[in-house]
Amino acid sequence: MRALTPQSRLVEQVYEAILSEITEGKLPPNSRLIQDELAEVYGVSRQPVQQALLLLRNHGLVRDAPRRGLVVSPLDVDFIRNLYEIREVLEGLSCRKAAECGSERARVEGPTLIAAGREAVATGSVTKQIAADMAFHCFLYEISGNLMIGETTAPYWHYLRRVMGEVLRDDEKMPGSIWDEHAAILEAVIAGEADRVETLARNHISRAAKIFVTQLQAFQETAIADQQSRSLRRIRR
C-alpha cells in the first residue's frame, strides 16, 4: 500500500486505492477493513475512508461481518453469471452499432487502445490491464452512438474489475488472448462488418464468463473442502 497525498476528490482516491488492493489480491475475500489502519496507511483522516468504505459496500465489494466490522466480500458466482449474460448482449449491440457508424474513429483511435492494452499486459500489472480493458470497451460504447449502453454498464464496472482481477492474477495466458480478441473486434469494426463483429463481441464475453465462473467455482469448492477438513480435524481432537 502507498500513502496518498491530500487532493480534491479524496473519497474517490481512497475508494480507488482500496479497490486496487482488492483487485490485485492484496486484500483477499474476508479481509478485515479497519478504518483507522487504512487512514494511517493512506495518510488521510478517517472521514474519507469511512465514506469510501460505504461506497464499496453499496457496490457489493465489501460487506458487514458479525463481530468483525467490514470485510472484503466473497464473489457471488450466480451474480457474475447473470451479469455476463446481460453484458454479452450489450457488447454485441455496441460493436454492431460501432461498425455501422463509428468505423472511421475506430480506424484512427482504436490501434492506440490496443497498443496500450498489450503494453499493460507486458507490465504484469492487473490494475493497468483492467484500466486498459475498460478504456477499450468504453470507447466502443462511445462510438456506437448509443449513450444508453455506456450508462447501463457503468454501475457494474466496479464489480467487473473485481472479477477480472481474480482471474487475471491466476491465468497467465488469458491476458494476451483477451487483447488478441480485442484486436479482431476492432478490425471488424473498422471494416464495417456489423454481423461479424457482433458475433465476435458476444463470443468474447461468453468465453470470458465461462472461464471466470469455472475458476471461481473451483476456488470456492476448494475453500469449502478445506473448511470441512479443518472442522473434521477439530472434531476428532
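Student: Is Trp 179 buried or exposed?

Tutor: Trp 179 has a relative accessibility of 2%, so this residue counts as buried. Buried means under 20% relative accessible area, exposed means over 50%, and partly exposed lies in between, with a 1.4 Å probe and protein chains only. Please note that this is a predicted model, in which local features need pLDDT of at least 70, side-chain atom pairs count only at pLDDT 80 or more, and totals for chains, interfaces and linings use all residues. Residues are numbered from 1 along each chain as its sequence is written, and side-chain values use heavy atoms, with hydrogens and water left out.

Student: What share of the protein is buried?

Tutor: Of the 237 residues in the protein, 43% are buried.

Student: How many helices and strands are there?

Tutor: The protein has ten helices and three strands. Both are DSSP runs numbered from the N terminus: helices are H or I with at least four residues, and strands are E with at least two. Along the sequence the pattern reads α-β-α-α-β-β-α-α-α-α-α-α-α.

Student: In what order do the strands sit in the sheet?

Tutor: The order is S1-S3-S2, in an open sheet of three strands with antiparallel pairing. The edge strands are S1 (32-33) and S2 (62-65), each of which pairs on one side only. Two strands pair if DSSP finds at least two bridges between them. In general, strands of a sheet pair through backbone hydrogen bonds, either parallel or antiparallel.

Student: How many bridges does S1 have with S3?

Tutor: S1 and S3 (residues 69-72) pair over two bridges, in the antiparallel sense. Within S1, Arg 32 stands opposite Val 71 in S3, and Leu 33 stands opposite Leu 70 in S3.

Student: Which helix packs on that sheet?

Tutor: Helix H3 (residues 46-58) packs on the sheet and touches S1, S2 and S3. The direction of H3 makes about 95° with that of S2. Such axes are lines fitted to C-alpha atoms, for helices over the stretch in contact, and angles run from 0 to 180 degrees between N-to-C directions.

Student: And how many bridges join S2 and S3?

Tutor: S2 and S3 pair over four bridges, again in the antiparallel sense. Arg 63 stands opposite Val 71 in S3. The hairpin of S2 and S3 has three residues between the strands, and Arg 67 takes a positive phi near 65° there.

Student: New topic: how many aromatic pairs are there?

Tutor: There are four aromatic pairs. Rings of Phe, Tyr and Trp (its six-membered ring) pair if their centres lie within 6.5 Å; planes under 30 degrees apart count as stacked, over 60 as edge-to-face and the rest as tilted. The ring centres of Tyr 84 and Phe 212 are 5.5 Å apart and the planes are at 80°, so this pair is edge-to-face. Tyr 84 is in helix H4 and Phe 212 in helix H10 (residues 194-236), 128 residues apart, and the pair links these distant parts of the chain. Both Tyr 84 and Phe 212 are buried.

Student: Which ring pairs with Trp 179?

Tutor: The ring of Phe 136 does: the two centres are 5.9 Å apart and the planes are at 65°, so the pair is edge-to-face. Phe 136 lies in helix H6 (residues 126-144) and Trp 179 in helix H9 (residues 174-190), so the pair ties together parts that are 43 residues apart in sequence. Phe 136 is also buried, with a relative accessible area of 0%.

Student: How do H5 and H9 cross?

Tutor: The axes of helix H5 (residues 103-123) and H9 come within 9 Å and cross at roughly 175°. That makes H5 roughly antiparallel to H9, a class for angles over 145 degrees, whereas under 35 is roughly parallel, 65 to 115 roughly perpendicular and the rest oblique.

Student: Where is Ala 99, and what does Ala 99 touch?

Tutor: Ala 99 lies in helix H4 (residues 77-101) and is buried, with a relative accessible area of 6%. Leaving out residues up to four places away in sequence, Ala 99 touches Ala 188, Val 189, Gly 192, Glu 193, Ala 194 and Val 197. Contact means heavy atoms within 4.5 Å.
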